[in-house]
Amino acid sequence: MPLSHAERPLYEVKANLFKGLAHPFRIRILELLAGQSEVSVAELQSETGLEASHLSQHLSVLRRHRLVVSERRASHVYYRLADPRVARLLTAARELLLGMLAEDGDRLDDARALPALPGLAGTDLPSVAAAAPTAAAPDAASPAVRA
């Protein structure tokens, strides 16, 4: 069923949200901001290793998509998440990623090396066996798929 005239703008806003997230460095910037109340541009540059101009471009995209807000104090600029739900979105994405990688031990090991997220401390890294879905026991929380 095609989108109605009234629905289309809402889906465009949602798509733009994901466009704002659609770069590895932007995800990393958001993860850094999720762990603190605010972070200076100098700290973000140090943590990401990005050149100042590239960091500025990524921060501009994040601001445009209303994922972060900035505040200038004297000669320093500080960033923070625009909404605490952004951190929860990152946590959900990390959990989804780990579930998707659960069957691929090498990639799960790579995911284990990712920096911790605030909402997942200590619980974000399931074992391969524990995270892998089983055919015999479908997840009770998800509806069964019938062909």
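**Asking about pockets, helices and a salt bridge**

Guide: Let's start with α5, which supplies the largest share of the lining of the second largest pocket, six residues. Keep in mind that this is a predicted model.

Visitor: Which residues lie nearest the centre of the second largest pocket?

Guide: Ile-27, Glu-31, Ala-93, Arg-94 and Leu-97, out of 14 lining residues. The volume of this pocket is about 310 Å³.

Visitor: What makes a residue count as lining a pocket?

Guide: The residue needs an atom within 4 Å of a pocket point. With that cut-off, α1, α2 and α5 are the elements giving two or more residues to the lining of the second largest pocket.

Visitor: How do the residues of that lining divide into nonpolar, polar and charged?

Guide: Eleven are nonpolar and three are charged, with no polar ones.

Visitor: And what is the volume of the largest pocket?

Guide: About 390 Å³. Of its 13 lining residues, the closest to the centre are Val-13, Leu-17, His-65, Arg-66 and Leu-67. Helix α1 (8-21) and helix α5 (85-101) each give at least two residues to this lining, and the largest share, five residues, is from α1. By class, you'd find six nonpolar, two polar and five charged residues there.

Visitor: Why are α2 and α4 called roughly parallel, roughly perpendicular, roughly antiparallel or oblique to each other?

Guide: Check the angle. The axes of α2 (residues 24-34) and α4 (residues 52-64) come within 10 Å and cross at roughly 75°. The roughly perpendicular range goes from 65 to 115 degrees, and α2 and α4 are therefore roughly perpendicular to each other.

Visitor: Which residues meet where α2 and α4 are in contact?

Guide: From α2 you have Phe-25, Arg-26, Ile-29 and Leu-30, and they meet Leu-55, His-58, Leu-59, Val-61 and Leu-62 of α4. That contact splits into seven nonpolar residues, one polar and one charged.

Visitor: How do you know that Arg-8 and Glu-12 form a salt bridge?

Guide: The cut-off is 4 Å, from a side-chain nitrogen of Lys or Arg to a carboxyl oxygen of Asp or Glu. The closest N and O atoms of Arg-8 and Glu-12 are 3.0 Å apart, so the pair qualifies. In general, side chains of opposite charge can pair when their charged atoms come close.

Visitor: How far apart are Arg-8 and Glu-12 in helix α1?

Guide: Four residues, which means about one helical turn separates Arg-8 from Glu-12.

Visitor: How many salt bridges does the structure hold?

Guide: Seven salt bridges, and the one between Arg-8 and Glu-12 is one of the salt bridges found here.

How values were computed: Residues numbered from 1 in each chain as written. Predicted model: local features only at pLDDT ≥ 70, side-chain atom pairs only at ≥ 80, totals over all residues. Heavy atoms only, no water. Axes fitted to C-alpha atoms, helices over the stretch in contact; angles between N-to-C directions. Parallel < 35°, antiparallel > 145°, perpendicular 65-115°, else oblique. Contact = heavy atoms within 4.5 Å. Nonpolar A, V, L, I, M, F, W, Y, C, P; charged D, E, K, R; others polar. 1 Å grid on protein atoms, 1.4 Å probe; cavity = no way out; pocket = protein on both sides within 12 Å on 5 of 7 lines; lining within 4 Å. Points joined across faces, edges and corners; volume = space filled by probe spheres on them.
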